[in-house]
Amino acid sequence: MFISFEDQEVTGSKDGSSALPVSGYTLPDFQPLATEFCSLMRNGYERLGCSFAVYYRGYLVAHMWAGYADEKRTKRWEENTNTVLFSCTKSISTIVFHYLLDKHEISVDEKITEFWPEYGQHGKDETTIINVLSHQAGLPYTTGGPLSREDVNDPERMGKYFEEAKPIWEPGAHSGYHALTYGFLLDQIARRIDTKNRGIAQILQEDIMFPYVITSLSIGRPEEDCKIATVVQPTDEDLEKAKLEEPEAYRRYMLGCNDHLDRLYQQWDWITLDEYNNPENQKMAMPSNMGIGNAQGLAQLHSLLAKKRLMSEEFYDMVEEPVLENEIDIINGYEENKGYGWQYTKNRWGEWCFGHSGHGGQNVKVDVSHKLAFAFVCNGLHIADADLVPTFARLQEKLYDCIEKIETFAWRISGPDRNIKTKGINS
């Protein structure tokens, strides 16, 4: 049985600004999450709106939301409010891509030219699928001219774009973040593997979203009346505050001001960070960066992996550990653990989890060891990224407190086989 909660307290935040109204529901074992969430919203950890959701052992156990969907604070963030997911979209596209590889029994070590011979021009003939998934393809942008919206909306034009591209570095030699091209590379390969020549967004809807009854998630804006929150970039004041209070987040943010990203946005000049509220851009099914959804839909999709419902056992054996550990990303400028299309982190017990963060604070994770998937999204964007986002870090810590208590209790009763039925889930 779910416990609903609300916190309409709107004063008393730590920085003197208004706190955010909160709503949500949890199962009893996850009630500490609600308490933590309310505390964070009262104390100014978010400046606009957000949502957080958890699936445990295949069941929704917590969904909570707070704040406002617009900068003027005239529209409350509601249960079905969506937002732009930025690079969490990469995790969605990666799931679809692995679903396709798994279905057709294709190894990640296969060369791309096995499915797409034209791709092998200009020294790209040895590029493998795992190179693309590990951001090693050498195509974060190209030396060609600018791309238009019309180019990006045309799969044939995008195919030519990659076929004629000269890699920025030798494929496989380095890993460098393919911020916009990653999803389009997956999309082009998928169209050549899928028997119906479908792209990532279409496969997602037809083969996964519809059969598993997942809503509040799409690549590109699904319909005109979809409630999409306005995303608001950090201010100069936010940057100065982060410099003092979150030095590592600030350092990583400033590393993003480099020649690689300048060249990327010279080629994709209509999709700079200030353009994500543009309805014309939101309609575009861009499989790297234009996911639209909320935390509940994002977590639900990833729970299919956490509960091992979508892929073969061979897939889960493969993704147990990252391909690259503590390797410098030559575009982001800092060390990362990554592989198979995901960022990897460890939980409090040292077990690997995978998922992907998105610009400004979005994050989604899969912890297969505990059959756990959880997601956080926000529209008042942060300087920090991934686990450095204070709201996400605090909620993740409290979530694992709940999991530890549940599983310790179950272990004492039935032994360490983790065949657990959580109170309330099967009520």
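**View 1. Strands β9 and β10 pair in the antiparallel sense.** In this predicted model, β9 covers residues 335–339 and β10 covers residues 342–346. The pairing of β9 with β10 runs over 2 bridges. G339 has W342 of β10 as its bridge partner. The two strands, β9 and β10, make a hairpin, with 2 residues between them. Look at Y340 in the turn: its phi is positive, about 60°.

**View 2. Strand β10 also pairs with β11.** These two strands run antiparallel and are joined by 4 bridges. One pair to find is T345 and its bridge partner in β11, C353. β10 and β11 form a hairpin too, with 5 residues between the strands. Here G350 takes a positive phi, near 80°.

**View 3. An open sheet has the strand order β5-β7-β6.** It is built from 3 strands, and the pairing is antiparallel. β5 (83–84) and β6 (217–219) stand at the edges. Each edge strand has a single partner strand, so one side of each is left without a neighbour in the sheet. β7 spans residues 291–293 and pairs with β5 over 2 bridges. Within this pairing, V84 has I292 of β7 as its bridge partner.

**View 4. Helices α5 and α6 pack at an angle of about 110°.** Helix α5 takes in residues 155–163, and helix α6 takes in residues 181–193. Their axes lie 10 Å apart. Angles of 65 to 115 degrees count as roughly perpendicular, and α5 and α6 are therefore roughly perpendicular to each other. On the α5 side, the contact is made by P155, M158, G159, Y161, F162 and E163. On the α6 side, T181, F184, L185, Q188, R191 and R192 take part. The residues of this contact divide into 6 nonpolar, 3 polar and 3 charged.

**View 5. The largest pocket has a volume of about 900 Å³.** Its lining counts 35 residues. Y253, G256, L261, L273 and H359 lie nearest the centre of the pocket. Three elements each give two or more residues to the lining: α9 (247–255), α10 (259–267) and β11 (352–358). Strand β11 thus appears here as well as in View 2, where β10 pairs with β11. By residue type, the lining of the largest pocket divides into 16 nonpolar, 13 polar and 6 charged.

Note on methods
Residues are numbered from 1 along each chain as its sequence is written. This is a predicted model: local features need pLDDT of at least 70, side-chain atom pairs count only at pLDDT 80 or more; totals for chains, interfaces and linings use all residues. Side-chain values use heavy atoms; hydrogens and water are left out. Two strands pair if DSSP finds at least two bridges between them. On a 1 Å grid over the protein atoms alone, a cavity is a set of points where a 1.4 Å probe fits but cannot get out, and a pocket is an open set with protein on both sides within 12 Å along at least five of seven lines; lining residues have an atom within 4 Å of a point. Grid points are joined across faces, edges and corners, and a volume is the space filled by probe spheres set on the points. Ala, Val, Leu, Ile, Met, Phe, Trp, Tyr, Cys and Pro count as nonpolar, Asp, Glu, Lys and Arg as charged, and the others, Gly among them, as polar. Axes are lines fitted to C-alpha atoms, for helices over the stretch in contact, and angles run from 0 to 180 degrees between N-to-C directions. Angles under 35 degrees count as roughly parallel, over 145 as roughly antiparallel, 65 to 115 as roughly perpendicular and the rest as oblique. Contact means heavy atoms within 4.5 Å.
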